[in-house]
Amino acid sequence: MKSTKLLGLSLLMSTMLAVGVANAKSLVYCSEGSPENFTPAINTTGTSLDAARPVYNKLVQFTPGTTTVVPALAESYAISDDGKVITFKLRPGIKVHSGVNGFTPSRDLTAEDVIWSFERQLKPDHPYAKVSAGSYDYFNDMGMPDLLASIEKGADDLTVVMTLKEPNAPIMANLAMDFATIHSAEYASYLTAKGTPEQFDQIPVGTGSFQFVDYQKDAVIRFKAFAEGWAGKPKVDDLIYAITPDATARYAKLKANECQVMIAPNPADLADMAKNADVQLIQQAGLNIGYLSMNALKPPFDKAEVRQAVNMAIDKAAIIKEIYQDAGQPARNPLPPTIWSYDESTKDYEYNPDKAKEMLAAAGVTSLDTDLWWMPVQRPYNPNAKRMAEMMQADLAKVGINATLVSYEWGEYRKRLQAGEHQMGLLGWTGDNGDPDNFLFLLSCGADGTPAGQNIAKWCNADFNAKLLEARKITDQAARTKIYGEMQAIFKAEAPWMTVAHSTVFEPIRKEVSGYKVSPLGAHEFQDVDVAE
């Protein structure tokens, strides 16, 4: 059955590519994993967010290849002098896609759709709040429920007024993130009337440059150009995501011109890519971090001394040499050095197994059985999580920590990590908006001391959290930098993560491709990409 499925996929891809050559211009992107769904508000993985991006837009967006915020669905916006009121003016005539499930829009996008999209995440009694389990981790972790006082229609159908409870320095950058995607309220009403609201997150309808065509799990996602899009018709007619988990297989497809853009190459293949005349190897310092988290709610990892000892027990230099090769640098802080407020004075933990054993003994730990979770997908911040976990396992065994390696399918892996089922787990982060808050919030907690959804270390420090909230209210960058320096010092002393590496991001594309830009935020965007005939 499996071989039949793979043969069918191969024939499907060959047919699509042949049709593309004969009748239309196609772009194939070799992605690395399957999306959990197609609604950014309920996702936290780059894999799922990438799969939804062709379909949707936000009020504001990042200029491709940068962290500069510019208008998108909103043609303009104004912020009040006190920083609490943001008034958005929507572009007139924004067209909405038709759906493959029979939906046909009867109107253009209005303030109603913007309000609906935010209130789904904000209001527990919203009719779609509980659809697809109703978990809005980004919205919650960015502090939006405590920040957003109201979102209302302004003087006309194209005006949206967002009122905040207090000024918030990163708000515009945050609104350019994927959780702030704008949906069609009319589409939601259509599905409710049909009795199929669950289709809302699986059959996406938006205003983006490409319309959703179909998705075959673990195989392919197909989109077609939306000629009526507000940003103009894309350069290609068909956009295809060829889901290819293995990096070697992705590169083979790239060389054979079966895909024109690929994610996350094997570091071992970089030299060959650089020499290949058919390949353009684009690179950029990554706004990212790969790390090992330790669950502070599960003894003995509730003790800082134990977490510090783990940092000393693992040979980080050996990991970077083997796993990242020439494409990574040691991480000291939870922030990458490419972001403002990075603290250069931070001293990393030395690799010292003897000292680690002493610290464990002093903490009452002479032998420890634990798990060590590794990611089943390749990400820019971790090119080979399984091998990294094996190297960590060997190092930990030398100090009396016996680690059992664990993994799950990517969506399940993330879900279980966020639920805190693990004791130790590998993960990482690529920044969403270029603001330090977007990394430090990964260690945030609620007012009741409950770890935020993406705080997989389950570590809560009242001083750290208070500083995070304080910095959000300040617009002066120097003042925020001082606070973030203090937070980095707290983090390093408490060691909820072993910070592993910041990677250089390499993106191989075919020589026929033009207009593609590497995003510092890890996004893959194709509105302006062209492929030579």
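Q121 is found in helix 3, which covers residues 111-122, and this residue is a convenient place to enter the structure, which is a predicted model. With a relative accessibility of 7%, Q121 counts as buried, because buried means under 20% relative accessible area. Its side chain has polar atoms placed close to two backbone oxygens: the backbone oxygen of F179 lies 3.1 Å from a polar atom of that side chain, and the backbone oxygen of S117 lies 3.3 Å from one. When neighbours within four places in sequence are left aside, the residues in contact with Q121 are A41, Y136, F139 and F179, so that F179 appears both in this list and as the owner of one of the two backbone oxygens.

**The sheet beside helix 3**

The helix that carries Q121 also has a place next to a sheet, since helix 3 lies across strand 6, strand 7 and strand 8 and runs at about 155° to strand 7. These strands belong to an open sheet of 4 strands in the order 5-6-8-7, with antiparallel pairing. Strand 5 (74-79) and strand 7 (148-153) stand at the edges with a single partner strand each, and therefore one side of each is left without a neighbour in the sheet. On average, and with direction ignored, neighbouring strands of this sheet are turned by 15° against each other. Within the sheet, strand 6 (residues 85-90) and strand 8 (residues 159-164) run antiparallel and are joined by 5 bridges, and V85 stands opposite T163 in strand 8. As a general matter, the strands of a sheet pair through backbone hydrogen bonds, in either a parallel or an antiparallel manner.

**Nonpolar cores**

The largest nonpolar core has 148 residues, of which F118, L175, M392, L426 and F526 touch the most other members. One of these, F526, is in contact with L27, Y29, F210, L239, Y241, V261 and Y516, again leaving aside neighbours within four places in sequence. A second, separate core of 15 residues includes C30, C259, V279 and F506. In soluble globular proteins, nonpolar side chains tend to be buried together.

**Disulfides**

Two of the residues just named in the second core, C30 and C259, are also joined to each other by a disulfide. The structure holds 2 disulfides, and with bonded cysteines counted along the chain they follow the pattern 1-2, 3-4.

| Disulfide | S to S distance | Torsion about the S-S bond |
|---|---|---|
| C30 to C259 | 2.5 Å | -110° |
| C445 to C460 | 1.9 Å | about -95° |

The link of C30 and C259 is left-handed. C30 lies in strand 1 (residues 26-31), whereas C259 lies in the loop between helix 8 (247-255) and strand 13 (261-262), so the pair ties together parts that are 229 residues apart in sequence. What is the relative accessibility of C30, and does that make this cysteine buried or exposed? C30 is at 0% relative accessibility and counts as buried, and C259 is likewise buried, with a relative accessible area of 0%.

The disulfide of C445 and C460 is left-handed, because the torsion about its S-S bond is about -95°. Both cysteines are in the loop between helix 15 (437-440) and helix 16 (462-472), and they are 15 residues apart. C445 is buried, with a relative accessible area of 12%, while C460, at 34% relative accessibility, counts as partly exposed.

Key
Residues are numbered from 1 along each chain as its sequence is written. This is a predicted model: local features need pLDDT of at least 70, side-chain atom pairs count only at pLDDT 80 or more; totals for chains, interfaces and linings use all residues. Side-chain values use heavy atoms; hydrogens and water are left out. A disulfide is a pair of cysteine sulfur atoms within 2.5 Å. Helices (H or I, at least four residues) and strands (E, at least two) are DSSP runs, numbered from the N terminus. Buried means under 20% relative accessible area, exposed over 50%, partly exposed in between (1.4 Å probe, protein chains only). A polar contact is a pair of N or O atoms within 3.5 Å; within protein, one must be able to donate a hydrogen and the other to accept it, and residues adjacent in sequence count only if both atoms are side-chain atoms. Contact means heavy atoms within 4.5 Å. A nonpolar core is a set of buried Ala, Val, Leu, Ile, Met, Phe, Trp, Tyr and Cys residues joined through side-chain atoms within 4.5 Å. Two strands pair if DSSP finds at least two bridges between them. Axes are lines fitted to C-alpha atoms, for helices over the stretch in contact, and angles run from 0 to 180 degrees between N-to-C directions.
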